[in-house]
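Open the structure in your viewer and keep the sequence panel visible. The stops below say what to select and what you should find there.

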Amino acid sequence: FIMTYAGRYADAVRLLQRAMRLSPRYPDWYRWTLARAHRLSGDCERAIAILARADGDDGGSIAPAVELAAAYAQCGRVREAKAVSLAVLNSTPDFSSLVWTAIPPYRNPDDTAAECALLVKAGLPA
């Protein structure tokens, strides 16, 4: 997870895939973090595929939905991004893209701004 904030997307993918092989009953955050690493490396379609085949058991976390909204927006699928964003806002009305991207901090401040802009494009408030 932290490697995605450090800009080490390929390392994150490699380590997450290994962890998933070693522990086939892995926690849900492995899956959405893997999707996040793919999205941040530029493969938004792979991120969508990973998140779209989820079983829906996210343990109450909005992270998978936020990641899916970001992936849709990054791929230019804004209508789908906004639909997912609406679900995020229904469950978390006080959601803020600025707060979401502030902690943990990205190593590169430009990545923080890009992530926030992507979430806003997806229909989430700044």
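Select Ser96, in the loop between H6 and helix H7 (97-102). The model you are looking at is a predicted one. Is Ser96 buried or exposed? Its relative accessibility is 19%, so Ser96 counts as buried; the cut-off for that class is under 20%. Leaving out residues up to four places away in sequence, Ser96 touches Pro125 and Ala126.

Now go to the loop between H7 and H8, where Pro104 lies. Show the backbone from Ile103 to Pro104: this peptide bond is cis, with omega near -5 degrees.

Next, display helix H2 (residues 9-22) together with helix H3 (residues 28-40). Their axes come within 9 Å and cross at roughly 155 degrees. H2 and H3 are therefore roughly antiparallel to each other, and H2 passes H3 in a left-handed crossing. To see the contact, select Tyr9, Ala12, Val13, Leu16, Gln17, Ala19 and Met20 on the H2 side, then Tyr30, Arg31, Thr33, Leu34, Ala37, His38 and Leu40 on the H3 side. Colour them by class and you should have 10 nonpolar, three polar and one charged residues.

Keep Leu34 selected and add Val66, Leu68, Tyr72, Val88 and Phe95: these six have the most contacts inside the largest nonpolar core, which has 30 residues. Which helices each supply at least two residues of this core? They are H2, H3, helix H4 (44-52), helix H5 (63-74), helix H6 (78-91) and helix H8 (109-121). The largest share, eight residues, comes from H5. As background, nonpolar side chains in soluble globular proteins tend to be buried together. For one example from the core, centre on Leu68. Beyond its neighbours within four places in sequence, Leu68 is in contact with Ile48, Leu51 and Val84.

Stay on helix H5 and select Glu67. With a relative accessibility of 3%, Glu67 counts as buried. What surrounds Glu67, once neighbours within four places in sequence are left aside? The residues in contact with Glu67 are Trp32, Arg36, Arg39, Leu51 and Glu115. For a distance to check in the viewer, pick the C-alpha atoms of Glu67 and Lys121: they are separated by 13 Å, and the two residues are 54 residues apart along the chain.

Add H8 to the view. The axes of H5 and H8 are 8 Å apart, and the helices pack at an angle of about 85 degrees. That makes H5 roughly perpendicular to H8. On H5, the contact is made by Val66, Glu67, Ala70, Ala73 and Gln74; on H8, by Glu115, Leu118, Leu119 and Lys121. By class, this contact of H5 with H8 has five nonpolar, one polar and three charged residues.

For the last stop, select Cys44 in helix H4. Cys44 is buried, with a relative accessible area of 10%. Not counting residues up to four places away in sequence, Cys44 touches His38, Arg39, Ala71, Gln74 and Cys75. Two of the residues named there have appeared on this tour in helix contacts: His38 in that of H2 with H3, and Gln74 in that of H5 with H8. Finally, draw a line from the C-alpha of Cys44 to that of Ala6: the distance is 19 Å, across 38 residues in sequence.

Key: Residues numbered from 1 in each chain as written. Predicted model: local features only at pLDDT ≥ 70, side-chain atom pairs only at ≥ 80, totals over all residues. Heavy atoms only, no water. Axes fitted to C-alpha atoms, helices over the stretch in contact; angles between N-to-C directions. Helix = DSSP H or I, 4+ residues; strand = E, 2+ residues; numbered from the N terminus. Parallel < 35°, antiparallel > 145°, perpendicular 65-115°, else oblique. Left-handed = near helix turned anticlockwise from the far one by under 90°. Contact = heavy atoms within 4.5 Å. Nonpolar A, V, L, I, M, F, W, Y, C, P; charged D, E, K, R; others polar. Core = buried A, V, L, I, M, F, W, Y, C linked by side-chain atoms within 4.5 Å. Buried < 20%, exposed > 50% of the residue type's maximum accessible area, 1.4 Å probe, protein only.
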